[in-house]
Amino acid sequence: MEFKMQPVRKRRATDLQKATQNSNPVSPKEHLPQQKKQQRFHLDLWFCLTLQNWVLDFGRPIVMIILPLEWFPLNKPSAGDYFHMAYNVITPFIMLKLIERSPRALPRSAVYLCIITFVMGASIHLVGDSINHRLILSGYQLHLSVRDNPIIRDLKPASLIDSFELLYYYDEQLGHLMWYVPFFIILTLYFIGCFTKAREHKRIPLSGWLLLGPSSLYYWYLVTEGQITELFLLTFLAMVGVVTYQRHKGLSPDGNGLFLLWSFGGTALLVAVWVAHLWNDPVLRDKYPGLLYVPEPWSYYTLHVKRSHS
């Protein structure tokens, strides 16, 4: 009986070994093309992210100014609101695709929480910014505080002013924090995974250099209009710290990491030029007190550009 069982056991062991070998869908050699593909410059994602940032975010208030008011009554969503809705869907999708292409596995829970918070914060800002635009059409001046605005100051009962200040808080403070903090966290997480020893991946292609200017200029608008200078500087310094740490390990940013790092470097330079240009503006100085003086572009518009053309 024992002599008969031994061949059977040997056959089972052999079959199990073959099944294990056949069940391995991807060999280590097959992983190499995918890793090389992930380390290539993601022109499609960077281009789509830059384009939709310019069109759906920066272009949002512009399209509200250009299009006739009769097309979008004040009690209905405006064209800018629809732009904002599209931004709230497209941007997190592109960021998720960017995370998918990271050469390094990133913590999924942190990414999911950031995306959820990002969408919630951007949606809060959508409502507040929509009402804020209608106030501008009614004479609201962005370079003045809520209580100092002529159309708000004379409201009756006076408790309505508190409601508008609450709206301002949701729009310009809470909404911005819930929108931009997870946005920069995701970019930082992605940047941490963009390090390699391969020389062929440590360069930005020509297409990336062409995108660098528009990308830096948009982030300048994001930092100044969103009033997130401290958050941006912390993120930029964190990236520089990561570069310093990884270089001790013999690693350097790949093309995607360099693109992100140089975009933020260009943004820091543009913010410095913007602040220097408006350093002695008394009205904006009064509107933006504090340690870091960084005026909003649309406050500059209502103060100097719109007033000169009215």
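**A guided reading of a predicted helical chain**

Read from the N terminus, the elements of the chain follow the order α-α-α-α-α-α-α-β-α-α-β-α-α-α. In total there are 12 helices and two strands. The model is a predicted one, and every value below is computed from it. Of the 310 residues in the chain, 43% are buried. The chain exposes about 17900 Å², and carbon and sulfur atoms supply 65% of that area. Among contacts between residues at least 6 apart in sequence, 77% join residues at least 24 apart.

Helix 3 offers a convenient point of entry. Phe47 is placed in this helix, which spans residues 43–66. Together with Leu43, Leu51 and Val55, Phe47 makes a nonpolar surface patch of about 330 Å². The relative accessibility of Phe47 is 44%, so this residue counts as partly exposed, given that the partly exposed class lies between the limits of 20% and 50%.

Helix 3 also carries a charged pair. Arg60 and Asp57 both belong to this helix and stand three residues apart, about one turn of the helix. Their side chains meet in a salt bridge with an N to O distance of 2.7 Å. Both Arg60 and Asp57 are buried. The pair is also part of a wider arrangement, for Asp57, Arg60 and Asp129 are linked in a network of salt bridges.

The structure holds seven salt bridges, and two further examples connect separate parts of the chain. One of them joins the side chains of Asp81 and Arg134, at 3.6 Å from N to O. This pair links distant parts of the chain, with Asp81 in helix 4 (residues 79–100) and Arg134 in helix 5 (residues 108–137), 53 residues apart. Asp81 counts as buried because its relative accessibility is 6%. Arg134 has a relative accessible area of 13% and is therefore buried as well.

The other example is formed by the side chains of Arg147 and Asp162, with an N to O distance of 2.6 Å. Here too the pair links distant parts of the chain: Arg147 lies in the loop between helix 5 and helix 6 (150–153), Asp162 lies in helix 7, and 15 residues separate them. With a relative accessible area of 36%, Arg147 is partly exposed. Asp162 is likewise partly exposed, because its relative accessible area is 42%.

Just before helix 7, the backbone shows a notable feature. Most residues other than glycine have a negative phi, and most peptide bonds are trans. The peptide bond from Lys156 to Pro157, however, is cis, with omega near -5°. Pro157 is located in the loop between helix 6 and helix 7.

Helix 7 (residues 159–192) packs against helix 8 (residues 206–226) at an angle of about 145°, and their axes are 11 Å apart. The crossing of helix 7 past helix 8 is left-handed. On the side of helix 7, the residues that meet helix 8 are Glu172, His176, Tyr180, Phe183, Phe184 and Leu187. Their counterparts in helix 8 are Tyr219, Leu222, Glu225 and Gly226.

Helix 8 also contains Ser215. This serine has a relative accessibility of 5% and therefore counts as buried, since the buried class ends at 20%. Leaving aside neighbours within four places in sequence, Ser215 is in contact with Thr50, Phe259 and Ser263.

A second backbone feature follows helix 8. Gln227 has a positive phi of about 55° although it is not a glycine. This residue lies in the loop between helix 8 and helix 9 (229–247). Its relative accessible area is 32%, so Gln227 is partly exposed.

Taken together, these details trace a path along the chain. Helix 3 contains the buried pair of Arg60 and Asp57, and Phe47 of the nonpolar patch lies in that helix too. Salt bridges then tie Asp81 to Arg134 and Arg147 to Asp162. Finally, helix 7 and helix 8 pack against one another, with the cis bond from Lys156 to Pro157 and the positive phi of Gln227 as the two backbone features described here.

Terms used:
Residues numbered from 1 in each chain as written. Predicted model: local features only at pLDDT ≥ 70, side-chain atom pairs only at ≥ 80, totals over all residues. Heavy atoms only, no water. Patch = residues over 30% accessible without salt bridge, like charges linked within 9 Å, V, L, I, M, F, W, Y side chains within 5 Å. Areas by Shrake-Rupley, 256 points an atom, 1.4 Å probe, with all protein chains shown as cover. Salt bridge = Lys/Arg side-chain N within 4 Å of Asp/Glu carboxyl O. Helix = DSSP H or I, 4+ residues; strand = E, 2+ residues; numbered from the N terminus. Buried < 20%, exposed > 50% of the residue type's maximum accessible area, 1.4 Å probe, protein only. Axes fitted to C-alpha atoms, helices over the stretch in contact; angles between N-to-C directions. Left-handed = near helix turned anticlockwise from the far one by under 90°. Contact = heavy atoms within 4.5 Å.
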